[in-house]
Amino acid sequence: MQDQLRRLPKVQTLLEGDAAAGLIARHGREDVANAIRAKLDIARAKIMAAGGASISVISEQSLFDEIATDLNAAKAPTLKRAINATGVIIHTNLGRARLAPEAIEAMQSVAAHYSSLELALDNGKRGTRHAHVEDLICQLTGAEAAMVVNNCAAAILTCLSALASGQQVIASRGELVEIGGSFRMPDVITQSGAVLKEVGTTNKTHLRDYAEAIGDDTALLLKSHTSNYAIVGFTSAPDRQELAQLAHETGTFLLEDLGSGVLIDLSKYGLREDPVVRDVLAAGVDLVTFSGDKLLGGPQAGIIAGRRALIDRIKKHPMARAVRIDKLSLAALRATLALYKSPHEPIARIPVLQMLAEPIEHIRDRANQLCTAIQKETSLRAVQIASTARAGAGSLPQQDLPSAAIALSREDTSVDALAEQFRKAETPIIGRITQDQFLLDMRAVAAEEVAMIIAAARAISPK
Ligand SMILES: *Cc1c(COP(=O)(O)O)cnc(C)c1O
């Protein structure tokens with residue numbers, strides 16, 4: 001055993017050899033030395049475990065091959081492009097909204113150069129970053145004023161911190177939503193320094209419940225979009241118009257967290273569940289919060305829009321500085337909002353809206369193309385089936401979107417193993433497993449991605 005241990009090469013010797021030179025040039029001496037040490041530790045442990053029995057120890061060549069693979073893997077990007085075949089368009093785990101080309105171009109320009117981020121070009125004085133989107137948001141929503149922060153969660157926290165800290169916030173028990181990623185409305189209210197006053201019951205909250213709860217220390221009424229659940233059956237809730245009126249009569253105001261925030265009427269595409277921001281403000285709601293990367297189809301951002309006096313107070317609060325939007329998202333947001341203005345047709349330009357509104361026939365065409373190619377060119381079994389897609393991320397929660405999918409299988413492979421093989425493809429392909437079938441849903445798969453899926457399927461399961 002001692003003999004075998006002694007025969008292991010020294011780290012220093014290996015580092016000075018030719019095999020190491022190329023690796024050191026690519027990865028640096030320290031990483032290569034550490035990797036060699038780790039491999040030799042493993043070899044040493046193996047020899048000891050064998051307790052003197054003769055075992056074959058790793059050759060120098062394969063040691064360096066393994067090190068090269070490990071070092072390359074460690075440097076490979078972990079945040080990679082992926083193909084979304086889940087059927088969930090705004091998939092939070094997959095990065096939510098794909099951006100329009102105009103938004104990508106705007107980000108590139110601002111990323112590569114200096115920009116007028118906080119400089120008013122007409123007078124050379126310090127400007128504000130909100131100015132780049134405020135006018136557009138106001139035009140598109142009818143709001144008096146607007147501002148943007150890092151995301152919608154930050155928008156709500158900032159509104160409550162600036163407007164309700166130390167005071168009461170009244171909310172219905174039917175709307176105390178948990179959004180995921182540990183964002184729970186009661187906790188957010190507490191975190192802001194406000195005190196939550198719950199009214200009503202899970203299924204029914206009446207206008208009088210709010211009226212009876214309003215007191216001298218009430219800062220605001222909070223309405224939240226129940227974006228990931230529905231209360232059905234014996235239910236009631238006052239509409240936002242009544243609630244806004246009550247708030248104004250009692251000298252307080254109404255804040256509504258919309259979550260998704262739709263800017264245009266999607267009903268002609270058969271999508272009608274989420275309220276349009278303009279209508280919400282027109283109903284008398286004083287302040288709304290919504291996301292940039294949900295149905296709006298832009299970058300991660302949280303938009304606050306509504307009455308100027310309130311927005312001015314929020315802009316001045318330290319929390320607004322702590323959660324400010326970065327310049328790349330701001331550039332992408334402005335470019336996305338601009339696509340909502342005539343003569344543009346947002347449905348034709350913004351990927352999220354395109355995918356929502358795409359006619360089922362087009363989706364079936366892609367499914368057909370993929371199914372035929374997989375049948376012909378691979379040893380996988382492929383069957384085209386009707387599927388149901390979703391908007392996702394709490395947008396249009398009850399809306400089924402007709403879609404088409406390919407169910408893939410192979411005799412010797414479980415659905416989980418198949419899903420893993422596609423997930424580990426060079427460009428990861430993320431499908432979904434439904435009723436023990438591995439499905440690739442085509443609604444959120446772009447036309448140019450079909451060929452990539454075919455190539456991956458060929459590599460995974462050659463004919
Ligand atoms: C998604 C959502 C949020 C959080 O938005 P982010 O932009 O993800 O921070 C808040 N409220 C509601 C109702 C939502 O649906």
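Below are three short exercises with worked solutions on one predicted model.

Residues are numbered from 1 along each chain as its sequence is written. In this predicted model, local features need pLDDT of at least 70, side-chain atom pairs count only at pLDDT 80 or more, totals for chains, interfaces and linings use all residues, and side-chain values use heavy atoms, with hydrogens and water left out.

**Exercise 1**

Find how helices α18 and α20 are oriented to each other, and list the residues that touch.

*Solution.*
Step 1. Locate the helices. Helices (H or I, at least four residues) and strands (E, at least two) are DSSP runs, numbered from the N terminus. Helix α18 covers residues 360-377, and helix α20 covers residues 450-460.
Step 2. Take the axes. These are lines fitted to C-alpha atoms, for helices over the stretch in contact, and angles run from 0 to 180 degrees between N-to-C directions. The two axes come within 10 Å and cross at roughly 20 degrees.
Step 3. Classify the angle. Angles under 35 degrees count as roughly parallel, over 145 as roughly antiparallel, 65 to 115 as roughly perpendicular and the rest as oblique. So α18 and α20 are roughly parallel to each other.
Step 4. List the contact (heavy atoms within 4.5 Å). From α18 come Arg366, Gln369, Leu370, Ala373, Ile374 and Glu377. From α20 come Val450, Ile453, Ile454, Ala457 and Arg458.

**Exercise 2**

Work out which residues of helix α11 are buried, and how they are arranged around its axis.

*Solution.*
Step 1. Apply the cut-offs. Buried means under 20% relative accessible area, exposed over 50%, partly exposed in between (1.4 Å probe, protein chains only).
Step 2. Name the residues. In α11 (residues 240-249), Leu243, Ala244, Leu246 and Ala247 are buried.
Step 3. Look down the axis. The buried residues fall within an arc of 160 degrees, so they line one face of α11. The arc is that of the directions from the helix axis to the C-beta atoms.
Step 4. Check the face turned away. There α11 carries the exposed residues Gln241 and Glu249.
Step 5. Find the partners. The buried residues of α11 pack against α10 (207-213), β7 (218-224) and β8 (254-259).

**Exercise 3**

Decide whether Ser224 and Cys152 are buried or exposed, and trace their contacts.

*Solution.*
Step 1. Place Ser224 in strand β7. Its relative accessible area is 5%, so Ser224 is buried.
Step 2. Place Cys152 in helix α8 (residues 152-164). Cys152 has 7% relative accessibility and counts as buried.
Step 3. Leave aside neighbours within four places in sequence. Ser224 then contacts Glu175, Val177, Met185 and Asp257. Cys152 contacts several residues, including Asp257, Gly259 and Thr289.
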